[in-house]
Amino acid sequence: MSMLRLSLFLITIIYLVNGSLLRGEINEMRSGAKISMNGMAGGWSDADINDPRVQEIAIYAINLSYSIKDLPDFKILSAKKQVVAGINYSLVLQVNRKGYDCVVEQFFVLDRFGSLNLMHVDVLPDKCPLQDPNGPPNDGQGPPP
């Protein structure tokens with residue numbers, strides 16, 4: 001019986017430590033701090049903003065966050081991913097809605113083997129960058145031409 005208690009105790013400790021580490025990494029992502037685990041299993045790494053999957057996830061996040069009648073134009077400013085039981089994506093988007101000021105929002109999306117879940121959205125205090133000389137923001141219908 002004491003071996004069972006010891007096993008349960010160790011499992012609980014491992015669970016608590018892992019949970020607090022993951023929360024710490026997400027808080028670091030929100031604050032913009034560098035993450036030392038970059039490139040390691042479980043760590044955040046840069047994702048290509050032109051990757052079709054990143055574009056698809058951005059469209060998914062916008063579609064869930066805004067009314068279909070009022071879909072904004074958007075531009076992906078940065079993207080990161082983290083391999084877990086699936087892939088966590090952190091996308092920072094410049095969002096332009098007609099009649100509203102431009103905002104910068106950070107979307108956390110879990111891609112669990114093709115099934116997407118919008119986990120969290122933050123409005124960042126960042127100002128929208130100047131208009132990109134390469135063209136207007138995305139129209140919400142897909143990757144830029």
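Is Asp111 buried or exposed? In this predicted model, Asp111 is buried, because its relative accessible area is 8%, which falls under the 20% limit.

The buried Asp111 has a charged partner. Arg53 forms a salt bridge with Asp111, and their closest N and O atoms lie 2.9 Å apart. This pair links distant parts of the chain, since Arg53 belongs to helix α2 (residues 52-65) and Asp111 to strand β4 (residues 103-112), 58 residues apart. Side chains of opposite charge can pair when their charged atoms come close.

A further pair involves two loops. Asp70 and Arg97 meet through their side chains in a salt bridge of 2.8 Å, N to O. Asp70 is in the loop between α2 and β2, while Arg97 is in the loop between β3 (86-96) and β4, so this salt bridge ties together parts that are 27 residues apart in sequence. Asp70 counts as partly exposed at 26% relative accessibility, and Arg97 is likewise partly exposed, with a relative accessible area of 24%. Salt bridges that share partners also join Arg53, Glu56 and Asp111 into one network.

Two strands are connected in a similar manner. The side chains of Lys80 and Asp46 form a salt bridge at 2.5 Å, N to O. Here too the pair links distant parts of the chain: Lys80 lies in strand β2 (residues 73-84) and Asp46 in strand β1 (residues 44-46), 34 residues apart. Lys80 counts as partly exposed, because its relative accessibility is 29%, whereas Asp46 counts as exposed at 54%.

In total, the count comes to 4 salt bridges.

Notes:
Residues numbered from 1 in each chain as written. Predicted model: local features only at pLDDT ≥ 70, side-chain atom pairs only at ≥ 80, totals over all residues. Heavy atoms only, no water. Helix = DSSP H or I, 4+ residues; strand = E, 2+ residues; numbered from the N terminus. Buried < 20%, exposed > 50% of the residue type's maximum accessible area, 1.4 Å probe, protein only.
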